[in-house]
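Visitor: Please take me through one part of this model in detail. I would like to look at the place where two chains meet.

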Amino acid sequence: MIERLGLSPLTIQAESMVAVWVVLGLPLLLGAVGGLVRPARGWPVAMAGLLPLLALAWLWRDVDSEAGRSWMIEIGSLALYWRINGLTLILIALTYLIGLASALYTPAYLREDPQREPRGQAWFWPLLGILISSLSLIWLAVDLLSLYFGLELMGLSAVGLMLLTGKVDALVAGLRYLLLALVGSLAFLLGVSLLLGAWGRLDLAGLARAVEPGAPLWVAVALLSAGLLLKAAAFPLHAWLAPVHASAWIPISALHAGLVVKASFFIALQLWLVLVPEATVAAWAIGGMAGAAVIWGGVMAWRAAKLKDVLAWSTVSQLGYLLLAFPLLIGTDSAVAALAWEGTWLQLAAHGLAKAAMFLAAGNLILATGEIRVAGLAGASRRFPLSLLSFGMAAISLVGLPPSMGFTAKWLLLHAALTGGHWPWLAVLGIGTLLSAAYVFRVFRYSFIEDAPEYEFHPVPWGMDAIALLLALSALLLGLAMEGPLDLLRGAGEGS
Amino acid sequence: MPPLEETLLAAGLLLLAALSLFDRHLVRACSWFVAFGLVVTLAWARLGLVWLALLELVLGAVLTGAFLFHALGVTPSVRRPRGFFAHWHDPVPLTWGLALERLLPALAVLAMLGVTLAALDDDSSGSLRPGGLGLLVLGLWAFALHRHLLRRLLAFNVIGTGIFLLLMSLVGPSAMPAAHGLVVIGLVVALVGTALGALLVRRIEALEWAHAAAPRADDPST
C-alpha cells in the first residue's frame, strides 16, 4: 500500500515545483484580495476562481505524464518532504471545486441572509484562502512537520470561519470546537514528539523503513490517531459536529463537511498505512467504531428535527464508511486492498461533492421558506422544484443509488468486503444504505405535502440554485465517467 | 545526577504551573501563569536555545498573558475583573472525590508515556523530562477537572509546554531542527488558540450583556 501513497525516491524538478507553489499560494493571495475588495456579486469571484483552476491544470499537465513526483524542500537545516501523484491531484481538484462553489455561493447568500453580520464578511475571504491552501498542503505533505503545520492552520481557520455568524450560539459552539481542536492538536504533537524522539526523523518514507514494533510505536500511533479522529468527528468523538454546523453559515458548513473532516481522516489513514501496516486487531477496532458511526449517525439523522442537523448527522454516518478503510486496507491481501483503496477515495470525493451540494441546496430551501425545521418544508416541491432537485440528486449519491459516484464507491467497498470475507462490514454497508434512504426520504415526504398552508416565502436568486445544481450534477454524473479518476488512483501505484 | 540549578528550574516550573492551575483566584492564577512563562524562558535559555527562549518570552509569557488578562477584563487601569468573571473566584466548588476521579485519565497517559520512555531506554540525565511529564500530568488533570474556560486555556498552555520540554529532552542533535520547527509551530498555535478563546469570551460576554439589557429597557415595571 505504501507505494500507492507516492512515497517514491526523490526527483527534484524546479519547474513543476513552481506549479506546486502557485497551487498552494494562489488561494492565499486571492483570499487576501477578497478580504480587501469584499466582492458583493458572484461574477468577480468566478473570474478570480478561474486562476487557481488554471494553475491546477498546469500542475496536472506537468505531473500526469508520470506516476508521481516527490520533492525535498530545505529551509535552513530543516527538510520538508512533499509529493504529488494521481490521488493528490484528485484531492486538490476536489478541494478547489468545493472551495470555488462555496466562494461563489457566499456573496449571494450574504445578500439574502437577513441576519448577516457585516464584520464577518471581511474575514471570510482570507480565512477561506488559508483553509484551501492548508488543505492542499495536507494532501501534498509526506512529513509530519508539514502535516502538523497544515493541520493546525486548517483547524484554526475552520474555527474562525465557524465564528463568522457572530451570534451567541455560534460563538458558544465555536468555543467548544476550539477547545476540541486544541486538544486534538496536543495529542497529535505528543505523538509526533515520541516518533521524533524514538527514530529521529519525521519524513514518512524514512519512518516507514525505520520504525520497529514496540511500545513507543503503539503509544505514538494511538496518540496521533486519537487526536486526528477527534478532529475528524469519528464515532465516539463526534458530538461536537452537529452544534457547530447548526449555527454556521451555509457555505462554510458545506466546506467543513465536504473537506475539513476528511483531511484529518486522510492523515490518519496515511499514518496507519505507513507506520502500522499489519495492525489488524486495532484496525478491526476502528471498523467497529465505523459500524457504530454509520448506524448511530443514520438513526440520529433520521430523528433530527432541523434540516441542518439531518445533514450534520448524515456526515457522521458517511464518515463511518470512510473509517471502514482501516479494516479493509490494513492487514488484508492485495486484491481486497486494491478494491478498498479505490472505493475509499471515491467515497471521500463522492461524499464531499454530494454533501456540499446538499448543504447549498438545503441553504436555498432554508432561506426561501424561512424555516429551519424539516417539517417547515411542507409544500416545497411545488414552490422550489430546482432546490429540491439539487437536494435529490445529491441524495442519490449519498444513499448510493446508480449511476452516482457514491454508488461506484460503495460498490467497490462492498466488493472488497465480499472478496475478503469480511461479513460484518457487508452488514454495515447494507444497514447504512437503508438508514440513509430513510432520512433522505423523510425530507422528501415533508416536501411533497400538497395541502400545506401558503406561508410567506421568497425564492432565492437563480445563481444560488445553479451552483447547488452543478455540484449535485457532478456528484451524480461523475459516476458515469469513473474510468479517468480510477486510472489516476491505480496509476499512483504502478510507476514507483 | 542532574545539576542542581536544572532540578531547581524543573521544581519551580511544576510549582508555578500548579499554582496557576489550582489557584481559586483567577487574576492571581493568570499572574502565576506569566511567571511560569518567564521560568520556561529561563529553562530554554539555560539549554542554549536562545531563539526559543525569545519566542517563549514574547509569545508564551507576554502576549498570552496579555490575552488572558484581556479575557478577564483587567487592564492596567481597571484592576477588578468585569462581566463574566465579575466574581474573583472560580464559581464551581471543587471536591476531593471529583478531583481524584479526574486524576485517573492523566495518570493513564502518564503510565502510557512511562512505558514508552522506558522502552526507549536512552540515558537521560536532565530533569527536563520528569519536569515535562509532571507539567503534562498537572495540565491534563486541570483540563479534566475544571469547567471554567479560562482555566482550560491555562491548562492547555501548560500541557503544551510540558510536551515541548519532553520533546526537547527526547531528541538527539541530528533531529534538533525538526524539533525546533515543531516547538515554534506549537508556540504560535498555543498563542492563537488562547487569543481566539479570550476574544470569544469577551464577545460572548458583550452579546449577553446586550441581550440582558434589551428587555429591561422596555419593561414598564422597572
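**The side of chain A that touches chain B**

Guide: Start with the wider stretch of chain A. This is a predicted model. An unreviewed UniProt entry annotates residues 141–435 of chain A as "domain: NADH:quinone oxidoreductase/Mrp antiporter transmembrane". Over residues 141–435, chain A is 81% helix and 0% strand. The end C-alpha atoms of that stretch are 36 Å apart.

Now the meeting of the chains. In chain A, 34 residues are in contact with 36 residues of chain B. Three helices of chain A each supply at least two residues to the side that touches chain B. They are α5 (144–162), α6 (168–199) and α8 (215–231). Of the elements of chain A, α6(A) gives the most to this side, with 18 residues. By residue class, the side of chain A that touches chain B divides into 24 nonpolar, eight polar and two charged residues.

Turn to the partner. Chain B has seven helices and zero strands. From the N terminus on, its elements run α-α-α-α-α-α-α. Chain B holds 222 residues, and buried residues make up 40% of them. Its internal contacts can be sorted by separation along the chain. Among the contacts in chain B with a separation of 6 or more, 70% join residues 24 or more positions apart.

To view the contact from chain A, begin at α6 (168–199), then add α5 (144–162) and α8 (215–231). Chain B brings 36 residues to the contact.

Technical notes: Residues are numbered from 1 along each chain as its sequence is written. Chains are lettered from A and ligands numbered from 1 in the order in which they are written. This is a predicted model: local features need pLDDT of at least 70, side-chain atom pairs count only at pLDDT 80 or more; totals for chains, interfaces and linings use all residues. Two residues are in contact if their C-beta atoms, placed from the backbone, lie within 7 Å. Helices (H or I, at least four residues) and strands (E, at least two) are DSSP runs, numbered from the N terminus. Ala, Val, Leu, Ile, Met, Phe, Trp, Tyr, Cys and Pro count as nonpolar, Asp, Glu, Lys and Arg as charged, and the others, Gly among them, as polar. UniProt positions are given in the numbering used here, feature names are shortened, and annotations may be inferred rather than shown by experiment. A residue is buried if 20 or more other C-beta atoms lie within 10 Å of its own, exposed if 12 or fewer, and partly exposed in between; C-beta atoms are placed from the backbone.
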